[in-house]
Amino acid sequence: MALSIKKVITENFAAFKMLWQFYEYDRSYYSKEDLELDGTFDIDEEFFLDIATGKEEGEAYLLYFNDMLCGFVFIEPTEIAGQEIPELADIFILPKYRGKGLAYLVLKQLMFKSPMAWHIAIYKDDKKARTFWQHAFKRLPFKSVDKIEPSEAEGFQEFIVEIR
């Protein structure tokens, strides 16, 4: 399986922006977001462009499977439970490429590079994400998975995971 991960920069930003629209569509069943009058979802395009150009903290990556664009991942710094740690904020795989283990490969390549803590926040109403993370917590070699109770963000389940 050939997965490659490429940082979002100005030159590939349009692809990231389009994938984010698909992401918003995919999650609209629980987010209840409406389309703008121009037929797109409201996204903070300026913020994401600042991420791509290094003006804001965070990292966005495009995902490719066998050289075909198949998704993205977004990581941002966060302070949670008194710790400044990275948050795997969003991960999106196009439906055609789901079920191939790509999200697990992404986690292994991005999260398991060094033994550090990560923040994971899952929308409570996102059944697909909850199922994915339940399996990931069991399947991947995390040192620990600690649920934050009560959650610091309303509408989320939050975890701090440590890498072995």
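The legends below describe an overall view and several close-up views of a predicted model.

**View 1. Overall fold of the protein.** The secondary structure of this predicted model consists of 4 helices and 7 strands. Read from the N terminus, the order of elements is β-α-α-β-β-β-α-β-α-β-β. The C-alpha trace extends about 45 × 35 × 35 Å along its principal axes. A compact globule of 164 residues would have a radius of gyration near 15 Å, and the value of 16 Å for the protein agrees with this. Contacts between residues 24 or more positions apart make up 60% of those with a separation of 6 or more.

**View 2. Surface and charge of the protein.** The exposed area of the protein is about 9400 Å², and 50% of it comes from carbon and sulfur atoms. Buried residues account for 44% of the 164 residues. The protein carries 20 positive and 29 negative charges, and the mean positions of these two sets lie 12 Å apart.

**View 3. The largest nonpolar core, around Met111.** This core has 48 residues, and the members that touch the most others are Phe16, Met111, Ile120 and Trp133. Leaving aside residues up to four places away in sequence, Met111 is in contact with Leu88, Val106, Trp118, Ile120, Trp133, Phe142, Val161 and Ile163. Two of these partners, Ile120 and Trp133, are thus also named among the core members with the most contacts. A second core, separate from this one, has 5 residues, including Ile80, Ala117, Ile148 and Ile160.

**View 4. Packing of helix H3.** Helix H3 covers residues 102-110, and its buried residues are Leu102, Ala103, Tyr104, Val106, Leu107 and Leu110. These buried residues pack against the strands E1 (3-7), E2, E3, E4 (83-93) and E5, and against helix H4. Val106, one of the buried residues of H3, is also a contact of Met111.

**View 5. The loop between strands E2 and E3.** Asn66 lies in the loop that links strand E2 (59-65) to strand E3 (68-80), and Asp67 is found in this loop as well. Asn66 is not a glycine, yet its phi is positive, at about 50°. Asp67 also has a positive phi, near 70°, and is likewise a residue other than glycine. The relative accessibility of Asn66 is 46%, so the residue counts as partly exposed. Asp67 has a relative accessible area of 68% and is therefore exposed, the cut-off being over 50%.

**View 6. Asp126 ahead of helix H4.** Asp126 sits in the loop between strand E5 (117-123) and helix H4 (127-139). With a relative accessible area of 11%, Asp126 is buried, since buried means under 20%. Its contacts, not counting residues up to four places away in sequence, are with Tyr29 and Tyr30. Glu87 is 39 residues from Asp126 along the chain, and the C-alpha atoms of the two are separated by 17 Å.

**View 7. The cis peptide bond before Pro150.** Glu149 and Pro150 are joined by a cis peptide bond with an omega of about -10°. Pro150 is placed in the loop between strand E6 (142-147) and strand E7 (156-163).

Notes: Residues numbered from 1 in each chain as written. Predicted model: local features only at pLDDT ≥ 70, side-chain atom pairs only at ≥ 80, totals over all residues. Heavy atoms only, no water. Helix = DSSP H or I, 4+ residues; strand = E, 2+ residues; numbered from the N terminus. Rg over C-alpha atoms; globule rule 2.2 N^0.38 Å. Buried < 20%, exposed > 50% of the residue type's maximum accessible area, 1.4 Å probe, protein only. Contact = heavy atoms within 4.5 Å. Areas by Shrake-Rupley, 256 points an atom, 1.4 Å probe, with all protein chains shown as cover. Lys, Arg positive; Asp, Glu negative; His and termini not counted. Charge placed at Lys NZ, Arg CZ, Asp CG, Glu CD. Core = buried A, V, L, I, M, F, W, Y, C linked by side-chain atoms within 4.5 Å.
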